[in-house]
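Here are my notes on the model, as numbered points. Please read them with the structure open.

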Amino acid sequence: MKHKLVYMDHAATTAVHPRVLEAMLPYFSQIYGNPSSIYYIAQEARKAVDEARANVGNILGCKPGEVIFTSGGTESDNTALKGAALALRKEGNHIITSAIEHHAVLHTCHYLEEFGFKVTYLPVDRFGLVSADDLEKAITDKTILVSIMLANNEIGTIEPVAEFARLVRDKSKQRKIVFHTDAVQGTGALDLDVNKLGVDMLSLSAHKFQGPKGVGVLFMRKGTPFMPQQTGGAQENNRRAGTENVSGIVGTSVALKMAADNRESNSRYCQGLRDRLREGIMSKIGEVYLNGHPTQRLPNNLSLAFQYVEGESILLHLDLLGIAASSGSACTTGSNDPSHVLVATRLPEELAHGSLRFTVGTDNTDEDVDYVLSVLPGIVQKLREMSPLTSAAVRNKKAGS
Amino acid sequence: MRKVYLDNAATTPLLPEVREAMLPFLGEVFGNPSSLHDWGDTARQAVDAAREQVAVLIGANAEEVIFTGSGTESNNFAIKGLALAQQSKGKHVVVSAIEHFSALHSARTLEKWGFELTEVPVDKYGMVNPDDVRESIRKDTVLISVMHANGEVGTIEPIKEIARIAKENKIVFHTDAIATAGTIPVDVKELGVDALSLAGNQFYGPKGVGALWVRRGVRIMPLLDGGVQEGGRRAGTENVPAIVGLGKAAELAKASMSARIKQLTPLRDRLLKELPASIEHVMVTGHPQNRLPGHASFCVEFIEGESMLMFLNMEGIAVSSGSACTSRALKASHVLIAMGISHELAQGSLLCTFGLDNTDEDVDYMVKVLPPIVDRLRQMSPLYSKFIKASKGGK
């Protein structure tokens, strides 16, 4: 049977918007020059990259020269953290981050630990919020770098990054402490003005906002201590070597502009679908809990914990019915451990295993929500009937009563 | 105006077949390959198929191919990653003096981290002598990296011999094959290397994608930390359309390699012969025979390469004075200097690299257009008037 296809995994990746693709196409086969060369076809490529840089700078509220194009959000995070930490190693060796960062940040911190850096992983509350008090207490005279994400990819919680950045700035009167934020999630939903946020570095990933895969952005405020991580040619003003991915950079710029221009209407639209989905699921299925913050969360993110079932099993059943969701971060699906984010919110392990994430997009409709609501309760019920956890719980309840 | 693109070493255009192969993955097939649902599966299968295509191009096993964001990333990853993974064994690295900056600067970054670096010299043709590599080896040498061919002067290096020396001494050997993979036959087993870098935009694939092949059992420390993509060796959501394009470009290159070589070599040979014949004081740089099929490089005496480039551009001809990656640095090429060419002469560097779109008429056009440009520039050149005076005075 051919059934409806519903993609609700927009936090994993999004489809390239047709207008983005259209803008990219000329740079594949017609204007194919290497922007570092000096003749006509290369100069057109150079101009396209420069315009994209100016446009991205405009949206982020920074100068074009403060925008570095990379190969993705992961490279942006790696470059920011390693670049700043290694440049500042003579000033100090202490880094502060949160326990719920994406692995692109966390694993980079682990890497830096091998180089002799000390890292404090700030805890979060049950909603996934980092506390300003904890941050303040963690800062020492050896602290050189703080990295806290703008919004969490798994549970959607939005961190008060502007407040954290201000706090760090006040603490770094004597000595520079670099503040980085991983803003890969929530690009279409949150204000990315780097001056309002007050950050020194900010990472973006184009394929999260209907841009192409393989392109990231790193904002780096002028004067931020930095050691280049990818060395070679003089591209990106000597900060990131490698032939520019011209079509990808053009696509990123167009996608970011669309995301910024339509931020409010898209957010409202997604939130409407998300809230209907949440209310529907909560009313049709018992013992389901919301992960993340009830209000301070990305408008398109719905992360739920289902008691007595495995999130992966729900996922596979949904997939058979044409629905794409996720049990956590796509980047970690190779491993069986419960999500480090859910563990950090102190969600019991069995609930962490029963977690499921829907992330809606502007291509979703009310019918998509209806379809999910029409099939999900049956799947959960079937799985719960087969689950040893359910029968144990039922037995315990009986024994207790 | 006639437009002649003779800078295929900087980047090649995308072949229409490659573009067609990529398009679905920029449209409806957009899933994240790490996702468990159908969208993810379809993308995963496409990435796996491309991995196989790249593996076939270089005679490797697919699971040994790691996709990266570019050739530069592949070289950074290889040199830093292979050295760092072995630093408990020793901290000495050997490279050639004419490596691309992505390799050379990676090695110099290692120096900052306490490694010692030996840069092996080259002869006047830009050729590394394997004996020099042998002599540079120390007890604590953990990595040797020599490029398969140089992109500026086209010289193909004796990689097999150097790989044998590395193997005899149990040292990991990496080769930067960015200028060769997809252009001339590259087989990792035949070459005997342990790791090899390649890039899509050098053989009619897309920009923003490269690959690093690492022989199974050779340890490498990741350059990008994060998710568990690429077998835990390179984090970051896979650039699916570009990877698919790289795979397609690899397949096409493998299938038509000898035809391409047959097409490019005569064009190259004509230009190598006719340009020095039509302009006085022009020398060919790089090796006369062991050079890349579409690669013709020269030094034009008494003038500055950049001005020559500008005038050629006004005539619709795209060429370069060296590596595109350094064109903005405005320094004499480290490759030409390493070959013993003077700074003055190196300023007149001219690099013409043919691609599949080029024809005999392009050679005719170049040979017609360049001599008057050189004449004009020489008339303005103090170096040239000095030379003329000296040669008259000598008579």
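**Notes on strands and helix packing**

1. Start with a bridge in chain B. M283(B) stands opposite C299(B) in β10(B). The model is predicted, and every point here should be read that way.

2. The bridge belongs to a strand pair. Strand β9 (residues 282–284) of chain B is joined to β10(B) by 3 bridges. The two strands run antiparallel.

3. What does β10(B) pair with in antiparallel sense over 5 bridges? The partner is strand β12 (residues 349–353) of chain B. C299(B) takes part here too: its bridge partner in β12(B) is S349(B). C299(B) thus has M283(B) opposite and S349(B) as partner in β12(B).

4. Is strand β10 (residues 295–300) of chain B mostly covered or mostly open? Mostly covered: 6 of its 6 residues are buried. H295(B), S297(B) and C299(B) point one way, and A296(B), F298(B) and V300(B) point the other way. Both sets are buried. In a regular strand, side chains alternate between the two faces of the sheet.

5. Now the sheet in chain A. It is open and has 7 strands, in the order β2-β8-β7-β6-β5-β3-β4. The pairing is mixed. At the edges are β2 (67–70) and β4 (118–122) of chain A, each paired on one side only. From one strand to the next, the twist averages 20°.

6. Within that sheet, look at β6 (residues 178–182) and β7 (residues 201–205) of chain A. They pair in the parallel sense over 3 bridges. T181(A) has L202(A) as its bridge partner in β7(A). Helix α3 (residues 40–60) of chain A packs on the sheet. This helix touches β2, β7 and β8 (216–220) of chain A, and its direction makes about 120° with that of β2(A).

7. Last, a helix pair in chain A. The axes of α12 (residues 311–320) and α15 (residues 366–386) come within 10 Å and cross at roughly 135°. Why are they oblique? Angles over 145 degrees count as roughly antiparallel and 65 to 115 as roughly perpendicular; the crossing at roughly 135° falls in neither range, so α12(A) and α15(A) are oblique to each other. The crossing is right-handed.

8. Which residues of α12(A) meet α15(A)? They are S313(A), I314(A), H317(A) and L318(A). On the α15(A) side, the contact includes V375(A), L376(A), I379(A), V380(A), K382(A) and L383(A). By class, this contact of α12(A) with α15(A) has 7 nonpolar, 2 polar and 1 charged residues.

Definitions and conventions:
Residues are numbered from 1 along each chain as its sequence is written. Chains are lettered from A and ligands numbered from 1 in the order in which they are written. This is a predicted model: local features need pLDDT of at least 70, side-chain atom pairs count only at pLDDT 80 or more; totals for chains, interfaces and linings use all residues. Side-chain values use heavy atoms; hydrogens and water are left out. Axes are lines fitted to C-alpha atoms, for helices over the stretch in contact, and angles run from 0 to 180 degrees between N-to-C directions. Helices (H or I, at least four residues) and strands (E, at least two) are DSSP runs, numbered from the N terminus. Angles under 35 degrees count as roughly parallel, over 145 as roughly antiparallel, 65 to 115 as roughly perpendicular and the rest as oblique. A crossing is left-handed if the near helix is turned anticlockwise from the far one by less than a right angle, and right-handed if clockwise. Contact means heavy atoms within 4.5 Å. Ala, Val, Leu, Ile, Met, Phe, Trp, Tyr, Cys and Pro count as nonpolar, Asp, Glu, Lys and Arg as charged, and the others, Gly among them, as polar. Two strands pair if DSSP finds at least two bridges between them. Buried means under 20% relative accessible area, exposed over 50%, partly exposed in between (1.4 Å probe, protein chains only).
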